[in-house]
Amino acid sequence: MGDPGREPGPGYKWAVLGIAMSGVLMVGIDTTIVVLALPTILVELHSNLVTIIWVLMAYIFVSTVFLLALGRVADIYGRVRLYNAGFAVFTVGSALCGAAQADWQLIGARLIQGVGGALLLVNAFALITEAFPANERGGALGILSATFGSGGIVGPVLGGLILAVTSWRWIFFINVPIGIVATVVGYRRLVELSKPRRGERLDWLGTVAFSASLLALLFGILLIVNVGIRSPVIWALLALFVAGIVFFLFWETRAPYPALDPVLFRSRVFDFSVLAASLQSLAIFSLQFLVIFYLQGVRGYTPLMAALLLLPYPIGLVLLGPFSGRLSDRIGARVPATAGLLIQVAGLEWLATIGLTATYLQIAVGLAIAGIGAGLFFSPNTSAAMTASPRDKLGVASATLTTLRNAGMVTSFALSLAVAAAAIPPKLVLALFVGTSGALALPLKEAFVAGMHAALHVNSVICVVAALMSLVRGREVRSATPAAPGGVGVSPG
């Protein structure tokens with residue numbers, strides 16, 4: 001797969017973009033499409049609320065925990081090889097999900113899907129960075145981020161249509177023919193542009209330490225919703241996370257081939273771009289979940305209608321993504337990314353004013369403002385981080401960026417939900433989440449809205465800190481670079 005001796009043909013960069021778009025679209029759709037099907041799956045597989053939540057979380061956990069390891073593997077054995085493997089693994093996982101006859105089988109298949117999704121995400125950004133010259137990279141990454149964001153639009157609509165006419169199993173089966181075609185096209189069209197570093201070895205000890213500590217953090221945060229933050233189990237898991245990270249950082253300074261390459265962090269642009277991305281995810285990811293809880297629990301909408309009412313956010317992201325990418329190609333990432341973060345603060349604060357009887361126009365305006373800000377931030381920030389990375393370390397650079405962003409996303413969801421739903425019984429929170437409970441009683445509605453406002457204010461502060469990190473990162477080099485055959489540029493630095 002991806003013979004490094006083969007030359008890319010004319011228009012190769014556009015072929016890479018098209019293949020990468022198909023991969024991230026599949027991953028984006030599967031992130032949102034499953035939520036609407038959880039009530040149906042719960043009944044048909046005779047599951048329960050606590051177990052069924054893992055149908056969603058298993059995918060997120062695996063696709064986060066293994067990113068760093070898979071990015072390193074891609075640098076050693078070839079990004080094209082691993083990207084094509086991601087399509088194949090995702091397709092197999094989707095088929096197994098559709099065929100599952102018990103909840104534990106579905107959760108296991110979602111784990112396989114998560115591995116495939118991680119392979120696709122971690123290599124898509126690296127392939128785009130390799131294929132496009134530096135002065136066009138932001139626009140390409142903007143299109144890629146808009147494609148991923150469009151999954152938030154396609155997922156609920158497609159899921160609703162599938163559930164209306166056929167079984168929930170086709171939510172997963174629909175990926176199979178797409179995945180087969182994408183695997184074949186990727187095998188035939190993609191070219192390995194970088195030389196795999198096969199003389200190096202995978203840092204198994206560092207990878208296991210990092211993965212175990214991150215898993216402890218994510219598992220502990222998820223349990224906060226069920227058992228409360230005061231539980232000894234939570235603090236034991238957080239202590240395990242801290243101890244694991246301390247050991248990981250200690251080991252990485254001594255490992256001959258570290259999983260987290262210290263060379264990456266010699267760049268001020270990379271350091272602050274990654275930090276800004278992590279903080280932005282921590283501040284923003286929970287927004288859609290908070291609003292969907294509000295729409296279901298306070299306003300009484302069905303899960304499908306609540307998901308459709310969220311569309312102003314992903315639409316804003318999709319519309320601004322390509323524009324902000326092209327803008328950052330001209331003026332750099334600092335201005336559009338920082339402005340995007342401040343616009344997101346405005347969106348969060350707007351939504352922090354909605355009460356029990358807010359009109360949908362009020363809600364939609366806040367969501368649209370936040371989506372526009374996210375669209376301005378995402379692609380310039382990603383492009384800055386990848387441009388600042390050495391060409392032979394793009395896999396681990398992409399993995400580092402995506403891992404910290406995903407960790408921020410999961411942390412954001414759990415912490416915001418813990419704050420907003422502190423006055424609501426845990427079982428009722430889970431019932432609302434999977435759509436098996438209607439609107440809350442009036443006292444609980446008032447308590448949830450007050451908690452939601454508090455969570456949104458906290459997220460605004462985090463977003464302001466992210467804006468400061470974005471502002472002080474410095475300016476990356478975005479001059480035009482010589483293009484290889486097929487329009488392939490060489491990343492500076």
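The following legends describe several close-up views of a predicted model of one protein.

**Figure 1. The whole predicted chain and its confidence.** The protein contains 19 helices and two strands. Of its 493 residues, 60% count as buried. Among contacts between residues at least 6 apart in sequence, 86% join residues at least 24 apart. The mean pLDDT of the protein is 82, and 90% of the residues reach 70 or more. Confidence is highest in helix 15 (residues 334–351), with a value of 95.

**Figure 2. The region of residues 479–493, where pLDDT stays under 50.** Confidence in the protein is lowest in strand 2 (residues 488–489), at a mean of 34. For residues 479–493 the model has 51 contacts beyond four places in sequence. Where pLDDT is low, the predicted coordinates should not be read in detail.

**Figure 3. The contact of helix 12 with helix 16.** Two packed helices are described by the angle between their axes and the distance between the axes. Here, the axes of helix 12 (residues 286–298) and helix 16 (residues 360–387) come within 12 Å and cross at roughly 170°. Helix 12 and helix 16 are therefore roughly antiparallel to each other. Helix 12 contributes Leu287, Val291, Tyr294 and Leu295 to the contact, while helix 16 contributes Ile363, Leu367 and Ala370. Of the residues in this contact, seven are nonpolar, none is polar and none is charged.

**Figure 4. Helix 3 and the residue that follows it.** Helix 3 spans residues 67–77, and 10 of its 11 residues are buried, so the helix is largely enclosed by the rest of the structure. The buried residues are Leu67, Leu68, Ala69, Leu70, Gly71, Arg72, Val73, Ala74, Asp75 and Ile76. The list thus includes the charged residues Arg72 and Asp75. Just after helix 3, Gly78 takes a positive phi of about 115°.

**Figure 5. Val274 in helix 11.** Helix 11 covers residues 268–284 and includes Val274. With a relative accessibility of 3%, Val274 counts as buried. Leaving aside residues up to four places away in sequence, Val274 touches Leu401 and Leu404. Val274 and Leu401 are 127 residues apart along the chain, and their C-alpha atoms are separated by 5.5 Å.

**Figure 6. Val184 in helix 8.** Val184 lies in helix 8, which comprises residues 175–189. At 44% relative accessibility, this residue counts as partly exposed, because that class lies between the buried limit of 20% and the exposed limit of 50%. The C-alpha atoms of Val184 and Phe87 are separated by 9.4 Å, and the two residues are 97 apart along the chain.

**Figure 7. His46 in the loop between helix 1 and helix 2.** Helix 1 (12–44) precedes the loop that holds His46, and helix 2 (49–65) follows. His46 is exposed, with a relative accessible area of 71%. Most residues other than glycine have a negative phi. Phi of His46, however, is near 55°, a positive value in a residue other than glycine.

**Figure 8. Two buried cysteines, Cys97 and Cys463.** Cys97 is buried, with a relative accessible area of 0%. Cys463 likewise counts as buried, at 0% relative accessibility. A disulfide is a covalent bond between the sulfur atoms of two cysteines. With a disulfide taken as a pair of cysteine sulfur atoms within 2.5 Å, the count for the model comes to zero.

How values were computed: Residues numbered from 1 in each chain as written. Predicted model: local features only at pLDDT ≥ 70, side-chain atom pairs only at ≥ 80, totals over all residues. Heavy atoms only, no water. pLDDT = per-residue confidence, 0-100. Helix = DSSP H or I, 4+ residues; strand = E, 2+ residues; numbered from the N terminus. Contact = heavy atoms within 4.5 Å. Axes fitted to C-alpha atoms, helices over the stretch in contact; angles between N-to-C directions. Parallel < 35°, antiparallel > 145°, perpendicular 65-115°, else oblique. Buried < 20%, exposed > 50% of the residue type's maximum accessible area, 1.4 Å probe, protein only.
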